[in-house]
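Trainee: Could you take me closely through a single part of this model, starting from how its strands are joined and moving on to what lies around them?

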Amino acid sequence: MKKKFISSNMKIFMLILLLLSITFYTSGCIALVQSGYKLSNYADELHLSPSALEHNLNFNNFNLDFNTSYLSKDYVLNDNVNEIDFSLNSQDIKVVDYDGDDLKIQIKSNNNISNDLYEIQSGNRLAFNARYDTPSDASISVSIPYNFKDKSTLKITTSSGDINISSLSLNTLNLSSTSGSIALSDSFLNYLDLNSSNGNITFDNIETSTETKLSSSSGDIIGNGNLGSINGNTLSGDINLRIIDSLNNMSLSSHSGSIHLSIPEGSGYKINYETKSGSLNSPNDKLSSGDESSLINITTESGNLNIK
């Protein structure tokens with residue numbers, strides 16, 4: 001009988017070794033990527049040109065996120081609910097609207113997530129609060145149904161988390177953060193209130209039909225849109241506003257920060273500017289234009305006023 005060149009047991013053994021080698025190699029590559037390893041960092045020791053070693057290990061396109069945990073839950077919005085509130089600690093939150101019926105909330109963290117947010121419904125108000133065991137590094141994504149917009153109010157309060165809102169159409173939007181930043185874009189609102197103690201407030205392409213309130217202690221306020229009547233103030237941060245095409249009455253104040261105001265060409269306005277040591281920079285050094293239909297009151301201690 002002719003003897004086999006490689007026995008069946010040897011084939012099985014070699015297959016196991018191959019599988020183990022692939023597993024260990026893949027695990028090592030993932031560990032290197034997550035640790036920020038770059039071969040170019042060791043060019044001096046290897047006596048090689050760093051440019052020759054710029055090909056970094058990158059598995060981003062494969063979504064190999066083994067350390068991230070998720071928790072997702074849908075909430076039925078009763079017809080009588082017209083206000084949604086979020087009260088968070090250091091968690092970041094992002095809100096968008098979508099074509100659906102339920103309120104969708106997803107929590108993502110590098111730490112274990114054992115519970116969803118604490119839910120309280122009282123009358124027409126639905127509130128969500130961070131629990132004691134909600135990871136501090138969590139990112140919370142919220143999807144609000146389109147049909148919630150006509151009569152709705154959204155309030156978000158955080159301690160140090162960032163707030164990011166885009167493409168919302170609501171009656172009232174109230175965002176407040178102690179040290180986190182606030183970013184808002186492409187939204188249509190009736191009333192808007194943005195408040196941050198230390199973080200920056202930025203917004204882009206915002207339409208407010210009645211009133212916009214902006215407040216920051218040391219962060220900057222930067223944005224553009226048609227904002228209705230405006231009331232804005234900072235202590236040391238700058239205010240930089242660009243009104244797109246609909247100017248209304250406004251009141252702006254700053255202690256040491258400067259105020260930059262871009263007004264639509266052809267608008268009628270009158271500016272009352274009071275300052276102790278700030279300077280004025282405006283076209284032809286004028287503080288009025290046209291029919292003076294919009295009244296703008298600006299007060300600073302040492303901050304400058306720049307009108308475009």
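Mentor: Two strands are said to pair if DSSP finds at least two bridges between them. In this predicted model, strand β17 (residues 259-262) and strand β22 (residues 305-307) run parallel and are joined by three bridges, and within that pairing Ile259 has Leu305 of β22 as its bridge partner. Strand β17 also pairs with β15, again in the parallel sense, over four bridges, and here Leu241 stands opposite Leu261 of β17.

Following the chain back from β15 (239-243) leads into the loop that links it to β14 (229-234), and this loop holds Ser236. With a relative accessible area of 40%, Ser236 counts as partly exposed, because that value falls between the 20% bound for buried and the 50% bound for exposed residues. Although Ser236 and Ser217 are 19 residues apart in sequence, their C-alpha atoms are 6.4 Å apart in space. Once its neighbours within four places in sequence are set aside, Ser236 is in contact with Ser217, Ser218, Ser256 and Gly257.

For the wider setting, consider the largest nonpolar core, which has 58 residues, and in which Phe86, Leu103, Leu154 and Phe203 touch the most other members. Strand β11 (residues 182-196) gives the most to this core, contributing five residues. Both domain 1 (65-151) and domain 2 (180-307) supply residues to the core, so it lies between them. As for Leu103, its contacts beyond four places in sequence include Tyr75, Leu77, Ile84, Leu126, Phe128, Val142 and Ile144, and among them are also Lys73 and Asp74.

Conventions: Residues numbered from 1 in each chain as written. Predicted model: local features only at pLDDT ≥ 70, side-chain atom pairs only at ≥ 80, totals over all residues. Heavy atoms only, no water. Core = buried A, V, L, I, M, F, W, Y, C linked by side-chain atoms within 4.5 Å. Buried < 20%, exposed > 50% of the residue type's maximum accessible area, 1.4 Å probe, protein only. Helix = DSSP H or I, 4+ residues; strand = E, 2+ residues; numbered from the N terminus. Domains from an automatic or database assignment. Contact = heavy atoms within 4.5 Å.
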